[in-house]
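Let's take a walk through this model together, starting with the whole chain and then stopping at a few places worth a closer look. Have the viewer open as you read.

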Amino acid sequence: ILFDISLSEIIGRIYSRSTLLKISFKKLSIVTALIFIILLPIGAIAWRVIEINNREGKVTIIPNEYFSIANWLRDNVDSYRVFWLPRTGKYCPGEAPLWLKTEGWGAPETSLGVRTYYYYGKPMEYLYPFLMRLLYENKTKSAAYLLSIIGVKYLAIHDDYWWDYLLQMTKRIKENLNSSSYFKFKISTEHIYVYENLIANQYVHAGTTPVIINGGLRALSQFIETYNVDYNFSIFFSDLQIPIEAIYSTQLFITQSLDNLKKDLMVNMLISEGKWDAVIVPAWFAKGIKEGEWHPLYVDNPHHAEWEVFYIWNYLNASFENSFRFDFGFIGSSTPGEELGIPISIKEDGSYIFLIRYLKSDKGGEVEIKLDDNVNICIPTVGNENGFEWFTSNLALEKGSHMMRIRNIKGRNAINIIAVLPIEEYSQLSKKIDGILEGKKIISLKELNDNISNTNILKINNLVIRSIEYKNDIY
């Protein structure tokens, strides 16, 4: 137990009573030194807690059961990590345990001397709600696999929260973990329940079989839940930069949408080949949060985590996709009439293909794109995908400078990247992607149905996949 008193207070009280106790200064120094030595192990933890939670001049008393669990974890966790659910948020009383009397990210998780999954004093917000949802939906296989990738061997579930919905979630998660073959119950106290991730006990092999996935973490978890995935796979997401060699050598593609996969690979090729004149990153033109304008959002922002607030907190079935490069980010708008101006330069007169990666969601609406004040493109953004789609438009443009304006007509909208290509160059790039996919195996998580007859069975180690073959530009 951490008592509501600091080491300095103990020493101060001894000094103030030194006359009454008839302790000489020399003896007092000896007593002080002994107290320091005795309390050093506790003090090291106490000071850390005070440092985290002392903004309001308060000291948090962490219940003894947390230290009991921490002691057990230290003896068993080895070089792995512990993942606490729900994580302690910043705001009381809802995001924090009942006993926490002040604001503080990650108290007590970061104050117990056990390796957890935090950075800059905050949990990995982009991953945390996704894993929470997987466990709640009883997708314990994919949760165990993903946790093992980031070195998490133990889950610590605690139910000392104020919010009823968190209590209901933790109750369901415990039920799912108790019946799972991928987790094993290990130890509990009154409010804390520890489960071992059994997949983390397996030997980790270097990935030798590249797999490219379109559709973010949602697609990966669906793939894991459906098929027997082992550690021989090297997973690449199509909306993150992929080594050009991996694009050519990959034999297996997992996708939520065949068209989206192809467009993702196109943009990856443009980035890899350094064709920056064809790539527009809207977030680079959005300078902070300004009234009446779209504002930039980033996946890896450890301070405000704007993208998590904008995206994940608002969509229960989010795809958890990326932005090709973390510095690309997104632009977001929730207010009708907000605009963002982007200057573009066209080298020659002709027809151009615009590829626009936008968020399609149940909270979407409509986005309008103008070129030189002419309404050229209207994108409907409402749908149950809650993920990113590609919109394609063909426009005739004259050589020279143009001003492109992105305007939110209605709804909650986001845009990641725009590619502008002469139609001939687009056709060549499209054929190159066709050549890469020629004869490869593609699992369509969204579009595989009884109407597709060109299916076959692919076997890689213990993996058996019903797949679609891509040949002659036909799936």
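**A guided tour of the fold**

The protein chain holds twelve helices and 22 strands. Please keep in mind that this is a predicted model. Of the 475 residues in the protein chain, 53% are buried. The contacts also say something about how the chain is connected: among those between residues at least 6 apart in sequence, 76% join residues at least 24 apart.

Let's begin with the strands. Strands of a sheet pair through backbone hydrogen bonds, either parallel or antiparallel. A good place to see this is strand E12, residues 330-333. Strand E11, residues 295-297, pairs with E12 in the antiparallel sense over three bridges, and leucine 297 stands opposite phenylalanine 330 there. E12 also pairs with strand E19, residues 413-422, again in the antiparallel sense and over three bridges. In that pairing, serine 333 faces asparagine 413 of E19. Are the two faces of E12 covered or open? Both are covered: Phe330 and Gly332 on one side are buried, and so are Ile331 and Ser333 on the other.

Next, look for an open sheet of four strands, which run in the order E13-E18-E15-E16 with antiparallel pairing. Strand E13 (339-346) and strand E16 (374-380) each have a single partner strand and stand at the edges, so one side of each is left without a neighbour in the sheet. From one strand to the next, the twist averages 25 degrees. Inside this sheet, strand E15 (residues 366-371) and strand E18 (residues 400-410) are joined in the antiparallel sense over six bridges. If you want a single pair to centre your view on, take valine 367, whose bridge partner in E18 is asparagine 408.

A smaller detail awaits in strand E9, residues 252-255, where you will find threonine 255. Its relative accessible area is 0%, so threonine 255 is buried. The side chain of threonine 255 reaches the backbone oxygen of serine 257 at 2.6 Å.

Now for the helices. The axes of helix H10 (residues 258-272) and helix H12 (residues 423-437) come within 10 Å and cross at roughly 110 degrees. Because of that angle, H10 is roughly perpendicular to H12. The crossing of H10 and H12 is right-handed. On the H10 side, the residues that meet H12 include Leu265, Met266, Met269 and Leu270, while the H12 residues in this contact include Tyr426, Leu429, Ile433 and Leu437. Charged side chains take part too, among them Lys262 and Lys263 in H10 and Lys432 and Asp434 in H12.

A second helix pair makes a nice companion view. Helix H5 (residues 128-136) and helix H6 (residues 140-149) have axes that come within 8 Å and cross at roughly 145 degrees, and the crossing is left-handed. Here Phe130, Leu131, Leu134 and Leu135 of H5 contact Thr140, Ser142, Ala143, Leu146 and Leu147 of H6.

Our last stop is tryptophan 313, in the loop between helix H11 (306-310) and E12. Is this tryptophan 313 buried or exposed? Its relative accessibility is 52%, so tryptophan 313 counts as exposed, the cut-off being over 50%. Tryptophan 313 and proline 129 are 184 residues apart in sequence, yet their C-alpha atoms are 8.6 Å apart in space.

Notes: Residues numbered from 1 in each chain as written. Predicted model: local features only at pLDDT ≥ 70, side-chain atom pairs only at ≥ 80, totals over all residues. Heavy atoms only, no water. Buried < 20%, exposed > 50% of the residue type's maximum accessible area, 1.4 Å probe, protein only. Pairing = 2+ DSSP bridges. Axes fitted to C-alpha atoms, helices over the stretch in contact; angles between N-to-C directions. Polar contact = N/O pair within 3.5 Å; in protein donor to acceptor, adjacent residues only side chain to side chain. Parallel < 35°, antiparallel > 145°, perpendicular 65-115°, else oblique. Left-handed = near helix turned anticlockwise from the far one by under 90°. Contact = heavy atoms within 4.5 Å.
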